[in-house]
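Reader: Thanks for sitting down with me over this one. Could you take me through the reasoning behind the labels you use?

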Amino acid sequence: MSDPSPNTQAILLLAAPLVADGKRREAPILSPGEYRRLAARLRHLDAEPQDLLVSGTDGLIEECGDTVDSTRLKSLLGRGFLLAQAVDRWAKRAIWVISRADDDYPRRLKQRLKHDSPAVLYGCGHRSLLEAQGLAIVGSRDVDEPLLEYSRCVASQAAAADLAVISGGARGVDRAAMNGALESGGVVAGVLAGDLERAVVHREHRDLLVDGRLVLVSPYDPSARFNVGHAMQRNKTIYALADAALIVDATVDSGGTWAGAVEQLRKYPTPVYVRSTGAPSAGLDALRERGAMPWPNPADGDELSVILAGNAPTRLTGPTQPDLFDG
């Protein structure tokens with residue numbers, strides 16, 4: 001595991017909790033909105049976050065004082081020892097960290113989410129899987145066995161079509177889809193809302209991570225525990241990594257699956273499908289009224305490939321310049 005880039009180190013110092021030894025050290029870290037404003041100020045000054053770390057940059061820090069108090073900035077940037085402890089802890093668990101400033105930050109996150117994309121992304125496994133063509137499969141936690149089997153079957157089709165399955169790793173639909181893809185020889189990207197440190201050392205994940213069939217990522221500190229707010233916020237990352245999304249089940253006006261789907265249909269470009277066979281669902285019907293498309297029920301992986309090729313957003317081609325300022 002290589003050390004974070006200088007820009008990523010600066011962003012971590014400014015905006016990450018830097019949990020060490022399982023305990024959160026209290027510090028007035030920048031909120032996402034505060035970081036966006038600071039990054040915009042740096043851009044205006046023709047500077048980068050890493051420039052704040054260079055000896056003798058008090059002048060630059062003072063010039064940013066109208067955005068974030070300069071004393072607070074100096075305090076945050078002085079957390080170098082805590083950052084070193086955190087990086088060492090992550091490295092022992094093969095956890096990497098990248099920021100919007102890095103060349104290997106997933107292009108589709110920046111292009112589709114723009115300023116809503118996570119400023120920092122933690123992960124374990126092969127980062128190349130985050131650039132693979134894929135199908136997001138999401139749904140409720142508490143569903144019956146027929147819907148779990150449906151999720152596994154669609155994921156198996158995705159594996160046959162050489163598509164990655166992207167999901168959230170929660171029990172229910174998410175986990176069934178991920179298992180269905182892996183059991184069929186496919187690859188999976190799991191976007192977690194917490195507990196990344198625990199997930200990467202789980203026995204059933206280790207070989208898959210090493211073999212390049214699974215990547216686990218999170219926009220939250222690796223020691224952060226799961227919470228509902230994180231789950232709702234990370235849903236946009238699941239959709240943005242995919243060429244299309246299938247919602248297996250949702251409850252009207254309730255839960256993260258519903259909130260994520262409504263936000264996606266209203267604001268972002270990834271095509272959204274809903275299950276169109278099996279038990280009726282008021283939630284899925286309501287999402288169709290908001291613009292979701294009925295899942296066309298492909299017979300096999302070849303048909304699934306054709307469907308996604310015809311409905312997915314324009315493929316991302318060519319290099320993308322690092323974007324330090326909208327994250």
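Author: Gladly! Let's start with helix α8, where Val173, Asp174, Ala176, Ala177, Met178, Gly180, Ala181 and Leu182 are buried. Bear in mind that this is a predicted model.

Reader: What makes you call α8 mostly covered?

Author: The count decides it: of the 11 residues in this helix, which runs over residues 173-183, 8 are buried. The cut-off for buried is under 20% relative accessible area. Just after α8 comes glycine 185, with a positive phi near 85°.

Reader: Why is serine 151 called buried?

Author: Its relative accessible area is 1%, and buried means under 20%, so serine 151 qualifies as buried. Serine 151 sits in helix α7, residues 145-160.

Reader: Which residues does serine 151 touch, leaving aside its neighbours within four places in sequence?

Author: Its contacts are Ile137, Val173, Ala176, Ala177 and Val248. Val173, Ala176 and Ala177 are among the buried residues of α8.

Reader: And what is isoleucine 137 in contact with, on those terms?

Author: Ser151, Val154, Ala155, Val165, Ile166, Ser167, Val173, Asp174, Ala177, Leu246 and Val248. Isoleucine 137 also belongs to the largest nonpolar core, which has 66 residues; Leu12, Leu18, Trp90, Tyr122 and Ile137 touch the most other members. A separate second core has 32 residues, including Leu129, Ile166, Ile247 and Tyr268.

Reader: What makes a set of residues a nonpolar core?

Author: Its members must be buried, come from a list of nonpolar types that includes Leu, Ile, Trp and Tyr, and be joined through side-chain atoms within 4.5 Å. More broadly, nonpolar side chains tend to be buried together in soluble globular proteins.

Reader: How do you know that the size of the chain agrees with a compact globule?

Author: For 327 residues, a compact globule would have a radius of gyration near 20 Å; the chain has 20 Å, so the two agree. Along the principal axes, the C-alpha trace spans about 65 × 40 × 40 Å.

Reader: How much of the chain is buried, and how much area does the chain expose?

Author: Buried residues are 54% of the 327. The exposed area is about 14,300 Å², with carbon and sulfur atoms supplying 49% of it.

Reader: What share of the contacts with a separation of 6 or more joins residues 24 or more positions apart?

Author: That share is 74%. To round off the picture, the chain's secondary structure comes to 14 helices and 9 strands.

Key
Residues numbered from 1 in each chain as written. Predicted model: local features only at pLDDT ≥ 70, side-chain atom pairs only at ≥ 80, totals over all residues. Heavy atoms only, no water. Helix = DSSP H or I, 4+ residues; strand = E, 2+ residues; numbered from the N terminus. Rg over C-alpha atoms; globule rule 2.2 N^0.38 Å. Buried < 20%, exposed > 50% of the residue type's maximum accessible area, 1.4 Å probe, protein only. Contact = heavy atoms within 4.5 Å. Areas by Shrake-Rupley, 256 points an atom, 1.4 Å probe, with all protein chains shown as cover.
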